[in-house]
Amino acid sequence: MKIAIGSDHGGVELKAFLAKELASSASVFDKGPEGRESCDYPDYAAAVAKEVASGSVDFGVLICRSGIGMAMAANRFQNVRAAMCATTEAATLTRQHNGANVLCLGADTVSAVYALEIVKAFVATPVDMDERHARRRWKLERAERLSDCSGLMRDDPEVFAAIEAQTRQEDAEINLIASENTSSRACREAAGSVLMNKYAEGYPGKRWYSGCLPVDAAEELARRRACALFGADHANVQPHCGSAANMAVYFATIKPGDTIMSMSLDQGGHLSHGSSVNFSGKIYNIVPYTVDPQTEMLDYDAMERQAMEVRPKILLTGASAYPRTIDFSRIREICDKCGAIMMVDMAHIAGLVAGGAHPSPVPYADFVTTTTHKTLGGPRGGMVLCKEKWAKALDSAVFPGMQGGPLENIIAAKAVVFREWMCEAKKGYAQQVVKNCAVMCKTVQDRGYRIVSGGTDNHLFLVDVKKSKGITGKEAAAALDAAGIIVNKNTIPFDTESPFKTSGIRVGTASATTRGMKEPEMIRIGTWIADVLDNIADESVQARVKAEAAKLVAGFPVP
Ligand SMILES: *Cc1c(COP(=O)(O)O)cnc(C)c1O
């Protein structure tokens with residue numbers, strides 16, 4: 001057992017006594033002070049609280065004259081639950097019920113001998129795992145989801161209101177937006193950190209500003225972890241978003257007017273792959289490929305024939321609304337034959353690739369671009385991975401080519417999420433996302449809905465609501481929204497409706513899986529989707545589903 005102990009000048013003697021007495025049964029780390037000179041209790045509370053918050057000790061003991069100031073100071077730290085106790089009974093109860101891990105004692109309130117008894121009772125009592133106590137302890141942590149930013153309640157109540165509204169919305173809805181996920185608290189802490197204060201034009205070790213050692217460390221971690229996680233030669237973690245990551249590859253490799261062969265937006269591609277309203281479509285000569293009209297899947301032979309004719313400088317694959325596995329080794333063959341640079345945009349599937357639930361493009365592609373906020377579940381941002389021979393060209397394309405200072409706080413949050421993917425806790429998540437998607441898709445399909453390409457291999461599926469029920473994607477998404485189920489309208493291949501109405505909806509399972517939902521919940525949600533769409537104008541069905549959905553999500557808290 002490891003115990004960190006600290007006090008102020010009013011508690012030094014009791015501290016010395018307890019440290020000596022406890023040394024026979026525990027490793028005791030005395031965090032000071034040594035003498036009786038007047039000192040500030042928050043300094044010593046912080047020293048002990050840091051040991052507990054980081055997990056380097058099991059318990060903390062803090063002593064001042066009342067014990068109260070110490071408790072206040074220690075409780076400012078995440079994962080610290082400090083309790084002031086004057087009796088052994090209170091120490092036992094606060095361990096059992098509150099899971100307290102720091103004991104605060106008042107040197108004026110208890111004798112040294114009794115204080116030792118209190119400490120012994122505290123460290124000997126296990127936390128009660130009974131459901132009601134666990135639930136209440138969870139609510140203690142839960143309040144922190146808003147206490148993250150509780151300073152804003154006073155400093156800027158209007159912004160606080162927006163954050164609170166988003167928090168409530170996340171709590172209440174079933175989010176099936178395929179391009180979204182829910183970030184971890186650790187990720188949000190890094191994103192909101194002081195690293196945002198630093199200008200750092202350039203790259204680690206080669207900056208245009210002084211004072212970059214701390215941000216160099218963060219960016220180096222992000223680059224190294226990205227390369228380790230995906231098995232890449234080189235990573236540039238600076239692009240502000242996925243579109244910027246794509247821009248960086250174009251700028252690093254080709255000239256205005258050169259040809260890019262890519263999947264068009266209405267087939268499932270992305271805006272930044274050459275849409276006429278986007279910079280990509282304005283600067284480059286875009287030749288779109290489509291899916292096979294019958295199977296609605298990629299036809300690699302057709303792609304090869306087209307590429308041999310077009311001879312694009314870049315052959316770009318990856319999509320925002322393609323529910324099937326992409327065969328990257330076959331695309332490598334095509335690129336080698338037609339002499340194109342192989343570029344894969346894995347924005348949607350990056351988490352599946354990281355978790356081994358989709359084949360990786362990294363061994364094959366010259367460049368792999370991604371966002372870090374979709375299935376990957378990190379902060380809103382972009383990244384490019386490339387082969388060593390492109391590293392220099394890529395880095396100069398990002399800076400000074402297209403950006404000034406990078407967002408080092410966001411880069412730190414990217415590093416956090418890359419590490420999460422390498423931890424045990426994430427094992428099986430990507431596979432569960434895919435399993436969940438297959439089950440929900442089948443549930444909707446079995447109710448008579450046509451699924452684009454007949455099914456799904458990844459985290460999303462597309463429902464052809466027009467063919468199935470004669471309604472538009474816009475109507476379907478609005479009805480589901482009213483029922484507390486959030487999806488988006490989406491064009492389907494060869495759509496006959498305008499992009500504003502569309503014939504389809506896109507449904508994804510990354511966020512629901514992050515909340516811990518599994519197959520039984522997917523069946524219920526799929527059933528609700530069909531219930532609402534079967535009765536598109538019936539508000540009572542929407543109200544019933546909304547109430548049932550709210551009950552379901554209450555059991556699956558947002559992290
Ligand atoms: C989401 C996405 C992007 C980039 O999105 P940003 O909003 O610019 O971060 C790029 N490519 C694909 C395929 C996407 O789905």
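Here are some notes on the aromatic contacts, cysteines and ligand site of this predicted model.

1. Let me start with the rings. A search of the whole structure turns up six aromatic pairs. One of them joins Phe 59 and Phe 122 in an edge-to-face arrangement, with 5.8 Å between the centres and 70° between the planes. This contact bridges distant parts of the chain: Phe 59 belongs to strand E3 (residues 59-64) and Phe 122 to helix H5 (residues 112-124), 63 residues apart. Both Phe 59 and Phe 122 are buried.

2. Phe 122 has a further partner worth a look on your screen. The charged end of Arg 95 sits over the ring of Phe 122, 5.8 Å from its centre. A second case of this kind involves Lys 426, which lies over the face of Trp 421 at 4.7 Å from the ring centre.

3. Next, please turn to Phe 367 and Trp 390. Phe 367 is buried, as is Trp 390. Their rings form a tilted pair, 5.1 Å centre to centre with 45° between the planes. Here too the pair links distant parts of the chain, 23 residues apart: Phe 367 is in strand E14 (residues 367-371), while Trp 390 is in the loop between strand E15 (382-386) and helix H16 (391-398).

4. Elsewhere, one aromatic cluster brings together Tyr 250, Phe 279 and Tyr 284.

5. Now the cysteines: why does the structure hold zero disulfides? A disulfide here requires two cysteine sulfur atoms within 2.5 Å. For Cys 338, the closest cysteine sulfur is that of Cys 335, and at 5.6 Å it is too far for a bond. The sulfur of Cys 386 is likewise too far for a bond, because its closest cysteine sulfur, in Cys 227, is 8.7 Å away. Cys 338 is buried, with a relative accessible area of 5%, and Cys 386 is also buried, at 4% relative accessibility.

6. Finally, the ligand. It is surrounded by 14 residues, of which the closest are Gly 242, Ser 243, Ser 320, Asp 345 and Lys 374. Helix H11 (residues 242-253) supplies the largest share of this shell, three residues.

7. Which atoms of Gly 242, Ser 243 and Asp 345 approach the ligand? Gly 242 places a polar backbone atom 2.8 Å from a ligand oxygen. Ser 243 has a polar side-chain atom 2.7 Å from an oxygen atom of the ligand. In the side chain of Asp 345, an N or O atom is 2.4 Å from a ligand nitrogen. Taken alone, the ligand exposes 390 Å², and the protein buries 85% of that.

Terms used
Residues are numbered from 1 along each chain as its sequence is written. This is a predicted model: local features need pLDDT of at least 70, side-chain atom pairs count only at pLDDT 80 or more; totals for chains, interfaces and linings use all residues. Side-chain values use heavy atoms; hydrogens and water are left out. Rings of Phe, Tyr and Trp (its six-membered ring) pair if their centres lie within 6.5 Å; planes under 30 degrees apart count as stacked, over 60 as edge-to-face and the rest as tilted. Helices (H or I, at least four residues) and strands (E, at least two) are DSSP runs, numbered from the N terminus. Buried means under 20% relative accessible area, exposed over 50%, partly exposed in between (1.4 Å probe, protein chains only). A charge sits over a ring if NZ of Lys or CZ of Arg is within 6 Å of the ring centre and within 35 degrees of the ring normal. A residue is near a molecule or strand if one of its heavy atoms lies within 4 Å of it. A polar contact is a pair of N or O atoms within 3.5 Å; within protein, one must be able to donate a hydrogen and the other to accept it, and residues adjacent in sequence count only if both atoms are side-chain atoms. Accessible areas come from the Shrake-Rupley method with a 1.4 Å probe; for residues, only the protein chains shown count as cover.
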